[in-house]
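Colleague: I'd like a close look at one part of this model, the surroundings of the second ligand. Could you walk me through that spot and then link it to the rest of the chain?

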Amino acid sequence: MRAPSLFFLAVLLVHISLQCNATTNCQLGSEKTTNLHFYLHDTLSGNDPSAVPVAHGDKFTANPGNPVPFSSVVVTDDVLTEGPDRQSKVVGNAQGLYVSSGKREFSLVLGIDFELTDGPFNGSSFVVFSRNPVLQGNGRELSIVGGRGAFRMARGYALLKTHYLDTGNGDAIIEYNVTLLHY
Ligand SMILES: *[C@@H]1O[C@H](CO)[C@@H](O)[C@H](O)[C@H]1NC(C)=O
Ligand SMILES: *[C@@H]1O[C@H](CO)[C@@H](O)[C@H](O)[C@H]1NC(C)=O
């Protein structure tokens with residue numbers, strides 16, 4: 001077989017570079033920005049918790065003032081609702097885990113898949129893998145590193161506000177303001 005001529009390759013490269021630029025991907029179409037807003041209910045207490053500590057190092061045991069000490073691993077299936085009230089419309093769930101990763105200052109690292117179960121993105125999910133510097137307060141930022149369905153190849157960020165926190169048992173309601181770039 002003859003090698004393809006340089007001319008042919010050059011024409012092909014020009015063709016590709018004309019069709020694909022920063023906002024238009026050859027196979028995926030144009031990039032869109034989507035904003036999502038919801039509340040996450042992370043409930044460690046009670047008979048039916050949505051967040052369950054499954055492990056921690058020998059030296060760091062949970063106690064009432066410190067429910068997720070350094071080295072704790074917590075598995076979640078947290079409910080996402082439209083408003084801060086747990087009885088408001090359920091819009092999705094957040095499945096994954098977080099680890100208590102701050103030795104000097106309380107901080108978490110999250111690896112969680114947020115799937116929507118309502119609205120135009122029903123069945124699609126985005127994935128957070130990020131440090132969550134809880135003590136930095138409102139406006140702290142998580143990175144979004146991918147997604148499924150409508151959010152395939154997504155990237156973006158979430159800005160968090162603590163709506164409610166019980167420092168005794170760890171129960172929290174967190175407001176998420178998500179900005180996603182996807183195709
Ligand atoms: C979301 O999608 C699931 C699976 O296709 C379907 O069963 C459910 O009714 C949908 N929910 C809404 C609110 O559209
Ligand atoms: C969400 O964050 C964006 C910036 O990323 C901001 O413009 C918008 O006002 C915020 N929305 C809410 C409800 O906080």
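Modeller: Sure. Ligand 2 has H37, Y157, L159, N177 and T179 around it. Keep in mind that this is a predicted model. Two of the side chains come up again when you look at polar atoms. An N or O atom in the side chain of Y157 sits 2.8 Å from an oxygen atom of ligand 2. For the side chain of N177, the distance from an N or O atom to an oxygen atom of ligand 2 is 2.3 Å. On its own, ligand 2 has 360 Å² of accessible area, and the protein covers 43% of it. As for where the shell comes from, β10 and β11 are the elements that give two or more residues to it.

Those two strands lead straight on to the largest pocket. Both β10 (155-165) and β11 (172-182) are among the elements that give two or more residues to the pocket's lining, along with β3 (32-42), β5 (73-81), β6 (90-100) and β7. The pocket holds about 570 Å³ of space. Its lining counts 34 residues, and the closest to the pocket's centre are V68, F106, L108, V134 and L165.

L165 is a good one to follow, since the residue lies in strand β10. How buried or exposed is L165? With a relative accessible area of 45%, L165 counts as partly exposed, because that value falls between the 20% and 50% limits. Leaving out residues up to four places away in sequence, L165 touches G170, D171 and A172. There is also a long-range pairing to look at: L165 and D42 are 123 residues apart in sequence, yet their C-alpha atoms are 9.5 Å apart in space.

Next, the loops leading into strands you've already met. M153 is in the loop between β9 (140-148) and β10. The phi of M153 is near 70°, which is a positive value in a residue other than glycine. S71 is another case: S71 is not a glycine, but has a positive phi of about 90°. S71 belongs to the loop between β4 (51-55) and β5, and with 25% relative accessibility S71 counts as partly exposed.

Now for the other ligand. Ligand 1 has T117, D118 and N122 around it. In the side chain of N122, an N or O atom is 2.4 Å from an oxygen atom of ligand 1. Taken alone, ligand 1 exposes 370 Å², and the protein buries 24% of that.

On the same stretch of chain, have a look at S124, which is in the loop between β7 (108-116) and β8 (125-132). S124 counts as buried, because its relative accessibility is 6% and the cut-off is under 20%. Beyond residues up to four places away in sequence, S124 touches F114, E115, L116, R148, G149, A150 and F151.

Finally, the whole chain. The protein chain has 1 helix and 11 strands, and along the sequence the helix is followed by the strands, in the pattern α-β-β-β-β-β-β-β-β-β-β-β. Of its 183 residues, 34% count as buried. Among contacts between residues at least 6 apart in sequence, 48% join residues at least 24 apart. The chain exposes about 10800 Å², with carbon and sulfur atoms supplying 56% of it.

Key: Residues are numbered from 1 along each chain as its sequence is written. Chains are lettered from A and ligands numbered from 1 in the order in which they are written. This is a predicted model: local features need pLDDT of at least 70, side-chain atom pairs count only at pLDDT 80 or more; totals for chains, interfaces and linings use all residues. Side-chain values use heavy atoms; hydrogens and water are left out. A residue is near a molecule or strand if one of its heavy atoms lies within 4 Å of it. A polar contact is a pair of N or O atoms within 3.5 Å; within protein, one must be able to donate a hydrogen and the other to accept it, and residues adjacent in sequence count only if both atoms are side-chain atoms. Accessible areas come from the Shrake-Rupley method with a 1.4 Å probe; for residues, only the protein chains shown count as cover. Helices (H or I, at least four residues) and strands (E, at least two) are DSSP runs, numbered from the N terminus. Buried means under 20% relative accessible area, exposed over 50%, partly exposed in between (1.4 Å probe, protein chains only). Contact means heavy atoms within 4.5 Å. On a 1 Å grid over the protein atoms alone, a cavity is a set of points where a 1.4 Å probe fits but cannot get out, and a pocket is an open set with protein on both sides within 12 Å along at least five of seven lines; lining residues have an atom within 4 Å of a point. Grid points are joined across faces, edges and corners, and a volume is the space filled by probe spheres set on the points.
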